[in-house]
Protein chains: 2
Amino acid sequence: MRPLTADSLNPAILKVEYAVRGELAIRAEEYRNKLKEPNHGLPFDRVISSNIGNPQQVGLDQPPLTFGRQVAALMEYPDLAKLAPNAFPQDVIARAAELRAEIGSIGAYSHSQGVPFIRQNVAKFIQERDGFPANPNHIFLTAGASAGVSLFISMLLSDPKAGILIPIPQYPLYTATIAQYDGTPIPYFLDGSAGWSTSLSEIKSALEIADEEGTSPRALVVINPGNPTGALLNEETQEDLVRLCEEHSLVLLADEVYQDNLHKRASHPFTSFKKIVSRLKSPIPLVSFHSISKGVMGECGRRGGYFECTNISSEIMALIYKMASVGLCPPLQGQIAVDMLVRPPKEGEESYALWKKETDTIHDALASRTHVMAERLNKLPGISCVDSPGALYLYPQISLSDKAIEAAKEAGKQPDTFYALALLDKTGICVVPGSGFGQREGHWHYRLTCLCPGVDEYVGKLEKFHNSWVEKYGQ
Amino acid sequence: MRPLTADSLNPAILKVEYAVRGELAIRAEEYRNKLKEPNHGLPFDRVISSNIGNPQQVGLDQPPLTFGRQVAALMEYPDLAKLAPNAFPQDVIARAAELRAEIGSIGAYSHSQGVPFIRQNVAKFIQERDGFPANPNHIFLTAGASAGVSLFISMLLSDPKAGILIPIPQYPLYTATIAQYDGTPIPYFLDGSAGWSTSLSEIKSALEIADEEGTSPRALVVINPGNPTGALLNEETQEDLVRLCEEHSLVLLADEVYQDNLHKRASHPFTSFKKIVSRLKSPIPLVSFHSISKGVMGECGRRGGYFECTNISSEIMALIYKMASVGLCPPLQGQIAVDMLVRPPKEGEESYALWKKETDTIHDALASRTHVMAERLNKLPGISCVDSPGALYLYPQISLSDKAIEAAKEAGKQPDTFYALALLDKTGICVVPGSGFGQREGHWHYRLTCLCPGVDEYVGKLEKFHNSWVEKYGQ
């Protein structure tokens, strides 16, 4: 028989790239295994995974919120309410009983769109957040935001010339999914010299280029707060973007998974696109994504999230339901966590004080770490870094000398990948090179998370590495 | 702006059909809501969901296996081992501690291929089952078997003329996924008059027709034990199928999710395709799927499963890893349940006796229910039903009179859908019409699960309905 070879496979799959778990992450995993050997010979004693927003991973160890985990344990093993009644606060027992009454066993498939009761709670949360009505039937629970984004992009890409506007830099889920479904990305650049702001004129030029190339734009992706940039849109820009979608008949895909990761709430608040679209009474189709993996919950491993459809016809929602039903349902432990996300303990309830303390601690640590890291990175020669007001990342720009670029070329690597690999080899710190997110020609960056405790030691290693790099290659 | 309409979307999405959660299931859901009203006016007081193999759903209420749920609760809230030490057997506490040491928090993303330690345990399970080696690096944990099947089919379909051989009747995941990724199904018929056996000559004729139509076959799907048929392949047929894959350079996709649902183990044992391929030293690429949703675990809501790759090059496995990494990782509670599936309590361990009792009860109930239902259905006029030796379903054939077919036509329905809708309207029993799975022209069937307790009442309703139908429409 003929062997199965990659060139006989779907060519779209071959084109997919996803740097967050790419070459760097794979090498970091190898180092992690090697460190278990007694004479590993590596110049570090642990690998620090700054490549991915995964707060609870080993080494970062952000503690989960107790309330949610207590409810989850009771859902797994309801007898515990009787076997160990003193191990749980009363509001936890009540919440688990309420969810049990609505859901039954979490070992059963739920409604493919997600448990109706949880969707009602999501709708209430959106309504309270925005001051405009939300409809539970327009909400789909998902296995994380990625699953929802992927579903929507697969529906919108009707042919290879169908295009989707994506910010550069972007979270590579977007380019990966557009490649997988054989569409065309239409990149628009964010402005690193102005706090990674979004500019209408950049999007308009991108649309002009697309037009010249025969690409038909279908949707605009906006990530707010930004990933990898951490930037927040102001309402004026958001209104402009909505108008632009109206003018060009674009679906707005609003990735709002970092809406609760705000480090400067006073100067950089979050406003949802749902609120803007509702206030403007705009007819644009809007899909807003949210997740349990980010925020202060950080429950990545459960795989949960939701999207809300605004101005999407019931005909199209029936198609979404059909596609969701082929996958049967999102994981129930993820769905339940969405309930905790939108319905945390309230003041006066037994679990409130602990919940408040836990969430404040996480917010404060993230904000202060982000600020300290940006400040110290900015002091290094050839590095400039926006002090992110949101999300979980910094995206420093690094200037690389001709000598460094030449050395990268000889090694067969992109210059920023070459830098990131050297950083990993010397320090055990794993970041993602900017080429994974996109950057202007001749600009170089990397993304690192601000989740790692022990900032002094961590940034100290980064500084030491960078200084020795500059010594070797110049600025 | 132009509104977003279905005809501007990806045309492949429009073609997808998935009957298991289609028209019947949607109407059943409406009835379930209506029953909550005091004067609902329906001729039944509960809806019985026999449309889907969802053992733990409300109304069926198959209890989860205690061991797995106890471990899951400790993974959610590890403090319980101290807070309520007497609520858990020692082997449960030890298992949870072992998993915690390997995984860390279940709130963190794991390796995209699945937790390495759990993959090692899966490999041991396969090795013990088959007597041939298995490699943890060739195993991918998934969010249920469906997610794995969908990923593989998306990779194999390189163009619209690429085809995949599927049994008819089939589980509609296959036609849905082939439609979604714009490939061509190549149907081969199973023989209902011979216990739904698989015949080589049927597959060869299907390949000839495909050849005439210019379709290039890439893979053969085999579901063993069968869904919806419950049939089991004998080893001779399995060997023939492997040889056929060799001859035609086909990837063998072996859906073996019902491998533990065997009602007649002595006469109808299960043999994995991995064992056959290993024994024959065949070079065919084989992908075998397994799941936590079926068997006696029935943990559908967790979304967990795995697939094992045999004779798949490392180049292609790197592509699979890349695609898995875009989705980040399978749900951790699903991964952990895979560990329980492949490593249940052993004789001599504290949890063994309860585990044995629970699993025996489920096996026995399913086997006896399947047999009783088949026997009673076979006594009804115009119904013939294979007494399934495996899986969770029966797939009775019903003869429908010209009068019934005419009435269906007037109602704008397929005849079998018309029958199933009438059954739902009168009894509250929701089944899936055969047109959702495929059937020979002029043959009519429906699929129903054998999961519903209270067989007497349940089959009594089916009998009463069918007799009144025959009275109205004739045989």
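Colleague: In what order do the strands of the open three-stranded sheet of chain B lie?

Modeller: The model is predicted, so local features need pLDDT of at least 70 and side-chain atom pairs count only at pLDDT 80 or more, while totals for chains, interfaces and linings use all residues. Residues are numbered from 1 along each chain as its sequence is written, chains are lettered from A and ligands numbered from 1 in the order in which they are written, and side-chain values use heavy atoms, leaving out hydrogens and water. Strands (E, at least two residues) and helices (H or I, at least four) are DSSP runs numbered from the N terminus, and two strands pair if DSSP finds at least two bridges between them. With antiparallel pairing, the order in chain B is 10-14-13.

Colleague: Which strands of that sheet stand at its edges?

Modeller: An edge strand has a single partner strand, so one side of it is left without a neighbour in the sheet. In chain B this holds for strand 10 (393-394) and strand 13 (432-433).

Colleague: Which residue of strand 14 of chain B stands opposite Leu394(B)?

Modeller: Strand 10 of chain B pairs with strand 14 (residues 446-449) of chain B in the antiparallel sense, over two bridges. Opposite Leu394(B), in strand 14 of chain B, stands Leu448(B).

Colleague: In chain A, which residue of strand 4 is the bridge partner of Ile168(A)?

Modeller: Strand 3 (residues 162-168) and strand 4 of chain A run parallel and are joined by six bridges. The partner of Ile168(A) in strand 4 of chain A is Phe189(A).

Colleague: Which side chains of strand 4 of chain A point to one face and are buried?

Modeller: Buried means under 20% relative accessible area, exposed over 50%, and partly exposed in between (1.4 Å probe, protein chains only). Side chains alternate along strand 4 (residues 184-189) of chain A, and Pro185(A), Pro187(A) and Phe189(A) point to the other face and are not buried. The buried ones are Thr184(A), Ile186(A) and Tyr188(A).

Colleague: How is Trp469(B) classified, buried or exposed?

Modeller: Trp469(B) lies in helix 17 (residues 455-473) of chain B. Leaving aside neighbours within four places in sequence, Trp469(B) is in contact (heavy atoms within 4.5 Å) with Leu400(B), Ala404(B), Phe418(B), Tyr419(B), Ala422(B) and Gly474(B). Because its relative accessibility is 5%, Trp469(B) counts as buried.

Colleague: What area is buried between chain A and chain B?

Modeller: Buried area is the accessible area (1.4 Å probe) that two parts lose on being put together, summed over both. The contact takes 90 residues from chain A and 91 residues from chain B. Carbon and sulfur atoms give 63% of the buried area, which is about 7000 Å².

Colleague: Which residues of chain A lose the most area to chain B?

Modeller: Three residues together account for 12% of what the side of chain A buries. They are Met1(A), Arg21(A) and Tyr109(A).

Colleague: With which residue of chain B does Glu76(A) form a salt bridge?

Modeller: A salt bridge is a side-chain nitrogen of Lys or Arg within 4 Å of a carboxyl oxygen of Asp or Glu. Across the interface of chain A and chain B the rule finds four. In the salt bridge of Glu76(A), the closest N and O atoms are 2.8 Å apart, and the partner is Arg302(B).

Colleague: Which helix gives the largest share of the side of chain A that touches chain B?

Modeller: Polar contacts are pairs of N or O atoms within 3.5 Å; within protein, one must be able to donate a hydrogen and the other to accept it, and residues adjacent in sequence count only if both atoms are side-chain atoms. Across the interface of chain A and chain B, 37 residue pairs are in polar contact, both at pLDDT 80 or more. The largest share of the side of chain A, eight residues, comes from helix 12 (residues 314-326) of chain A.

Colleague: How many residues apart are Arg27(A) and Asp425(A), whose side chains meet in a salt bridge?

Modeller: The N to O distance of this salt bridge is 3.0 Å. Arg27(A) lies in helix 2 (residues 23-34) and Asp425(A) in helix 16 (residues 415-427) of chain A, and their separation along the chain is 398 residues.

Colleague: How is Arg343(B) classified, buried or exposed?

Modeller: Arg343(B) forms a salt bridge with Glu98(B), the closest N and O atoms being 3.3 Å apart. Arg343(B) sits in the loop between helix 13 (332-342) and helix 14 (352-378) of chain B, and Glu98(B) in helix 5 (residues 90-103) of chain B. Glu98(B), at 31% relative accessible area, is partly exposed. With a relative accessible area of 18%, Arg343(B) is buried.
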